[in-house]
Structure formats: C-alpha cells, structure tokens
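Visitor: Before we look at the details, could you take me through the reasoning behind the labels, setting each value against its cut-off?
Guide: Gladly; let us begin once the model is in view.

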Amino acid sequence: MPAPTDVITAGQDGLAAAIRAAASRQDPEVATLVADLAHVVEELTRVLEEETAALAIKDMDRMRALQGDKQRLGRGYEQLYALLGRQDQAAVRQTPDFARLGEIAPRFAEAVKENLRRIGAARSLNERILGAVRSAIVRAQAPTTVYGANGRTCTAGRAGTIRAGAISVNTSI
C-alpha cells in the first residue's frame, strides 16, 4: 500500500505509479531473513568443509569440536528456509542478498555432498571393523575339531577359550 503522502502528492494520474513504487519497496523482514539465510549458508558451508577435512585425516577432536556448530547452523538453515518458503517469493527474489545465495549455493551443495560421502565412508569403515571383531570373537570361541585316536572327530582342548586371531581392515576413508 502506498503511504498516504505518496497518494496525495502523486495526484490521480500518478496513483498507479505510487502503488507500484510502494509495492516494490523491500519488506525489511524478508530482506533480513534472506540476509540471515545467506550468512548461515556461508557458515554452514565452512563448517562442513572443515569437518570433511577432519574426517579425511581422522582428526576426531576437531570433528567433535565442530558438531555443536554444525547442529546449530543446520537448525538455523532449516528454520530460515521454512520461514522464507512462507513469504512472497517475488519479494524474496528482489532482496539484495538473494543473488548472494545463488552464488554460494553450488559450493554449499558440493560441501554437503562431500561431507555425506566422507561420513558414509567412515560409517562403512566402522561397520567393517565391528564385523571383523565380531567374526574374530565367534571364530575364537568355536571349539576346534580334531581327529581323535579312534579316527573320529572330537573337540580339542577346552571349548570356549578365546584364542588370538588376526584382524585386518582397510581404514582409508
């Protein structure tokens, strides 16, 4: 809506122009939401890239230190994205920071993709290690079968004793 002074000073001929001018003014809330989202996306991208680098070198302390920031920024991203989804999308696209969002989106998408890939590889590695440990324990607890003096099979030694076994796992992520 045009401000009352816009309508008064525009006269009858300029009424449509005053309404268009008022409609094109930025809603400060929408502009702030877009600017906040751009900031959160930039920070979240940085955190994801740092976490991915830490995963690559297995720096567990650094990964743990980044978890709080990653969760906080992830929640902020989801909330801002949802809020902006309820706004007039034409107004969102007209904000000064909308172009900035478009510029950082490819880097953000790549950071998310690489982070998920590294996390998946780390999860797979952990599952392989746990599987190898489980298999080694099962093998070690299984009784050893040997041929007895009468030619029949029998259990050797004490059943259920754990014997040492080798475990080999490729730990590259």
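Visitor: What makes the pair E51 and K70 a salt bridge?
Guide: In this predicted model, the closest N and O atoms of E51 and K70 are 2.7 Å apart, and because the cut-off for a side-chain nitrogen and a carboxyl oxygen is within 4 Å, the pair qualifies as a salt bridge. E51 lies in helix α3 and K70 in helix α4, so the pair ties together parts that are 19 residues apart in sequence.

Visitor: Why is E51 called buried or exposed?
Guide: E51 has a relative accessible area of 3%, and buried means under 20%, so E51 is called buried.

Visitor: How do you know that E49 and R107 meet in a salt bridge?
Guide: Their side chains come to 2.7 Å, N to O, which is judged against the cut-off of within 4 Å, and the pair is therefore counted as a salt bridge. Since E49 belongs to helix α3 and R107 to helix α6 (residues 98–141), this pair ties together parts that are 58 residues apart in sequence. E49, at 32% relative accessibility, counts as partly exposed, and R107, at 47%, also counts as partly exposed.

Visitor: Which elements hold R118 and E114, and about how many helical turns separate them?
Guide: R118 and E114 are both in helix α6, and because they are four residues apart there, about one helical turn separates them. Their side chains meet in a salt bridge at 3.3 Å, N to O. R118 counts as buried at 16% relative accessibility, whereas E114 counts as partly exposed at 23%, because the boundary for buried is under 20%. Salt bridges that share partners also join E43, R46, E50 and R62 into one network, and the structure holds 11 salt bridges.

Visitor: Why is the pair Y77 and Y81 called stacked, edge-to-face or tilted?
Guide: The ring centres of Y77 and Y81 are 5.8 Å apart and their planes stand at 25 degrees; because planes under 30 degrees apart count as stacked, the pair is stacked. Both residues lie in helix α4, four residues apart, about one turn of the helix. Y77 is partly exposed, with a relative accessible area of 24%, while Y81 counts as exposed at 54%, the cut-off for exposed being over 50%.

Visitor: What makes the pair Y77 and F108 tilted?
Guide: Here the centres of the rings of Y77 and F108 are 5.4 Å apart and the planes are at 45 degrees, and because stacked requires under 30 degrees and edge-to-face over 60, the pair is tilted. Y77 lies in helix α4 and F108 in helix α6, so the pair ties together parts that are 31 residues apart in sequence. F108 is buried, with a relative accessible area of 12%, and Y77, Y81 and F108 form one aromatic cluster.

Visitor: Which residues touch the most other members of the largest nonpolar core?
Guide: Of its 20 residues, V34, L37, V41, L84 and L101 do so. The elements that give two or more residues to this core are α3, α4, α5 (89–93) and α6, and α3 provides the largest share, 10 residues. Leaving aside neighbours within four places in sequence, L101 is in contact with V34, L37, A38 and V41.

Visitor: What is notable about the phi of K58?
Guide: The phi of K58 is near 55 degrees, a positive value in a residue other than glycine. Most residues other than glycine have a negative phi. K58 lies in the loop between α3 (28–56) and α4 (60–85), and at 40% relative accessibility K58 counts as partly exposed.

Terms used: Residues numbered from 1 in each chain as written. Predicted model: local features only at pLDDT ≥ 70, side-chain atom pairs only at ≥ 80, totals over all residues. Heavy atoms only, no water. Buried < 20%, exposed > 50% of the residue type's maximum accessible area, 1.4 Å probe, protein only. Core = buried A, V, L, I, M, F, W, Y, C linked by side-chain atoms within 4.5 Å. Contact = heavy atoms within 4.5 Å. Phe/Tyr/Trp six-rings, centres within 6.5 Å; stacked < 30°, edge-to-face > 60°.
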